[in-house]
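Biologist: Could you walk me through the ligand site here? I have a handful of questions ready.

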Amino acid sequence: MFPFRGLLGGQKALVTGASSGIGRAVALALAEAGADVVVNFIGSSEAADEVVSAIQTIGSKAIPILADVSQEAQVQTMFKRAIEEFGTVDILVNNAGIQSNAPVDGMTIGQWNSVIATNLTGQFLCAREAIREFKRRGVVSTVSVSAGKIICISSVHEAIPWAGHVNYAASKGGVMLLMKSIAQEVAALKIRVNSICPGAIRTPMNESAWENREAYNALMPLIPYKRIGEPEEIGRLAAFLASDYADYITGTSVYVDGGMMLYPGFESGG
Ligand code: NAP
């Protein structure tokens with residue numbers, strides 16, 4: 001039984017990069033909790049349509065919207081369409097993200113710019129549009145005690161350095177202070193902003209880390225809880241953070257990482 005069924009009834013959510021992995025699981029969890037969901041995608045419309053159908057089967061409304069979150073005009077058009085279709089947006093989940101790995105002295109400006117543009121600028125552009133809508137609408141007490149909620153999908157790498165991935169780690173470190181600064185700026189308006197920081201989650205993004213036994217075993221020394229995380233575990237937290245049960249939580253990073261942040265090297269050393 002899904003623990004948050006009905007909690008988000010009457011609310012409208014927009015999830016970026018919702019056609020795969022964590023975004024897909026978050027979109028489904030918000031729908032299970034009663035929200036109607038905009039399924040943002042950039043690549044395969046078939047994958048987005050599959051998520052839309054799954055949400056409709058749950059009993060919520062869903063629409064797919066193609067938009068590149070790094071492009072200002074596309075983000076603005078996406079929010080305009082979402083508001084036309086659903087009347088408003090109550091919940092934004094800033095999930096879309098990419099990696100483009102290289103040693104720092106071999107990283108191209110293209111690799112740097114693309115990761116910063118999607119993972120950091122994309123989160124700013126979507127948060128800005130969401131806050132404009134939250135301020136326009138204000139609190140509707142029959143829907144939620146808050147005027148709006150933003151959940152940034154960050155990473156343990158907002159705090160853990162990551163050699164060979166300096167663009168990704170810099171983007172997630174940026175998301176941390178973007179989230180906290182926005183949270184501070186809009187708290188008095190009853191808008192809550194938080195991050196979820198996944199550790200290693202079973203999605204296409206990190207398939208090489210779990211696709212075979214050897215790779216999986218090599219990952220385990222980094223995870224005290226000794227298993228990979230599942231996308232649904234991020235989805236359930238997103239539904240909770242978006243709900244009024246989390247009304248006093250803002251400006252916080254919540255780690256969902258099986259203990260990856262616990263300096264696992266110290267289990268036996270130090
Ligand atoms: P994923 O399955 O690759 O999902 C990423 C999604 O973002 C895809 O649907 C992708 O679309 C979409 N996307 C990429 N660029 C976009 C853009 N410019 N505009 C709109 N959508 C875009 O990977 P994931 O693991 O679920 O990642 C989701 C988020 O979790 C990311 O922010 C990632 O950094 C974070 N995260 C993941 C892990 C993990 O272990 N998996 C750990 C920590 C943090 P296409 O597939 O069509 O390209």
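Biologist: Which residue has a polar backbone atom 2.8 Å from an oxygen atom of the ligand?

Modeller: Happy to help, and please keep in mind that this is a predicted model. Polar contacts are counted for N or O pairs within 3.5 Å. A backbone pairing at 2.8 Å from a ligand oxygen meets that cut-off, and the residue is Ile22.

Biologist: How far from an oxygen atom of the ligand is the backbone N or O atom of Gly43?

Modeller: Here too the partner on the ligand is an oxygen atom, and Gly43 contributes a backbone N or O atom. The distance between the two is 3.2 Å.

Biologist: Which residue puts a polar side-chain atom 2.8 Å from a nitrogen atom of the ligand?

Modeller: This contact involves a side chain and a ligand nitrogen. The residue at 2.8 Å from that nitrogen is Asp68.

Biologist: What share of the ligand's exposed area does the protein bury?

Modeller: Start with the ligand taken alone, which exposes 880 Å². Of that area, the protein buries 87%.

Biologist: Which elements give two or more residues to the shell around the ligand?

Modeller: The ligand sits in the largest pocket, and its shell holds 29 residues, with Ser20, Ile22, Asn95, Tyr168 and Thr203 coming nearest. By type, the shell divides into 13 nonpolar, 14 polar and two charged residues. The elements that reach two or more are helix H1 (21–32) and helix H5 (166–186).

Biologist: What volume does the largest pocket hold?

Modeller: Good one to ask, since the ligand sits in this pocket. The space in the largest pocket is about 1100 Å³.

Biologist: Which element gives the most to the lining of the largest pocket?

Modeller: The lining has 48 residues, and the closest to the pocket centre are Gln99, Tyr168, Thr203, Met205 and Asn206. Helix H1, strand E2 (36–41) and helix H5 each supply at least two lining residues. With three residues, the element that gives the most is H1.

Methods:
Residues are numbered from 1 along each chain as its sequence is written. This is a predicted model: local features need pLDDT of at least 70, side-chain atom pairs count only at pLDDT 80 or more; totals for chains, interfaces and linings use all residues. Side-chain values use heavy atoms; hydrogens and water are left out. A residue is near a molecule or strand if one of its heavy atoms lies within 4 Å of it. A polar contact is a pair of N or O atoms within 3.5 Å; within protein, one must be able to donate a hydrogen and the other to accept it, and residues adjacent in sequence count only if both atoms are side-chain atoms. Accessible areas come from the Shrake-Rupley method with a 1.4 Å probe; for residues, only the protein chains shown count as cover. On a 1 Å grid over the protein atoms alone, a cavity is a set of points where a 1.4 Å probe fits but cannot get out, and a pocket is an open set with protein on both sides within 12 Å along at least five of seven lines; lining residues have an atom within 4 Å of a point. A molecule sits in a cavity or pocket if more than half of its atoms lie within 2 Å of its grid points. Helices (H or I, at least four residues) and strands (E, at least two) are DSSP runs, numbered from the N terminus. Ala, Val, Leu, Ile, Met, Phe, Trp, Tyr, Cys and Pro count as nonpolar, Asp, Glu, Lys and Arg as charged, and the others, Gly among them, as polar. Grid points are joined across faces, edges and corners, and a volume is the space filled by probe spheres set on the points.
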